[in-house]
Amino acid sequence: MKFFLDSADINEITEINKTGMIDGITTNPSLIAKTGQNFIDVISEITNIVNGPISAEVIATSSKEMIQEGQKLAKISPNIAVKLPLTRDGLIACKTLSKEKIMTNITLCFSAAQAILVAKAGATFVSPFVGRLDDIGHDGLNLISEICTIYSNYDQFTTEVLVASARSPIHIIESAKMGADVVTIPPGTFRQLFKHPLTENGLQAFLDDWASTGQSIL
Ligand code: E4P
């Protein structure tokens, strides 16, 4: 399973990338707005930090303008994945950009039917939003299960399932059990993955016992 970091914060990205576990980055207009910085500058800086796919989202709503914005974003670096909304125009733009060998990430996927359209449009990634479905009383993880099952039924569906809007380690664990290709993780949730009280308590006990021996390894 690939781990993308769901952030546009350069400090967070730089720090967490040091773990060597980050395979890409996803951003969206809300995350860019939070930085208070120029969109193109932020995305360029991120491409210099992380080698994998960096999702940069278009703002246009017509396919013609989405294609123009996507082509401009793709020029920033070969590892840009143009993020397009799951609309009729977004999928038309996806087909064109895919033919131009530009990576695409179709965002705001909330149903299996939509995910089938995304695969038929030849997208590199589909982003189903688990947390936002949970927020309205639906089962976000069930959507991941449906998409993984459907995509695995068809060899010609090469789109990778990118679990988005993940809000807790449970979303990540359950998606991994279902075989999702990628999960994009907010920085706080990524840090949570390391933590277990028995690890912390156990390590403290080992260190205390070691100190009582008066020895040192180095
Ligand atoms: C990633 O591509 C999405 O933009 C992001 O995961 C959305 O997460 P949220 O629902 O927590 O805003």
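**Close-up views of a ligand site and two cysteines**

**View 1. Polar side chains beside the ligand.** In this predicted model, a polar side-chain atom of Asp6 lies 2.6 Å from an oxygen atom of the ligand, a polar contact being a pair of N or O atoms within 3.5 Å. Asn28 also places a polar side-chain atom 2.7 Å from a ligand oxygen, and for Arg167 the corresponding distance to an oxygen atom of the ligand is 3.1 Å. Taken alone the ligand exposes 340 Å², of which the protein buries 85%, areas being computed by the Shrake-Rupley method with a 1.4 Å probe.

**View 2. The shell around the ligand.** The residues surrounding the ligand include Lys83, Phe129, Arg132 and Thr184, where a residue counts as near if one of its heavy atoms lies within 4 Å. By class, this shell has 2 nonpolar, 4 polar and 4 charged residues.

**View 3. Cysteines without a disulfide.** With a disulfide taken as a pair of cysteine sulfur atoms within 2.5 Å, the count comes to 0. The sulfur of Cys94 is too far for a bond, because the closest cysteine sulfur, in Cys109, is 12 Å away. Cys109 is likewise in no disulfide, the nearest cysteine sulfur, that of Cys148, being 11 Å away. Cys94 is buried, with a relative accessible area of 0%, and Cys109 is buried with a relative accessible area of 0%, where buried means under 20% (1.4 Å probe, protein chains only).

**Notes.** Residues are numbered from 1 along each chain as its sequence is written, and side-chain values use heavy atoms, leaving out hydrogens and water. Local features need pLDDT of at least 70, side-chain atom pairs count only at pLDDT 80 or more, and totals for chains, interfaces and linings use all residues.

Methods:
Polar contact = N/O pair within 3.5 Å; in protein donor to acceptor, adjacent residues only side chain to side chain. Nonpolar A, V, L, I, M, F, W, Y, C, P; charged D, E, K, R; others polar. Buried < 20%, exposed > 50% of the residue type's maximum accessible area, 1.4 Å probe, protein only.
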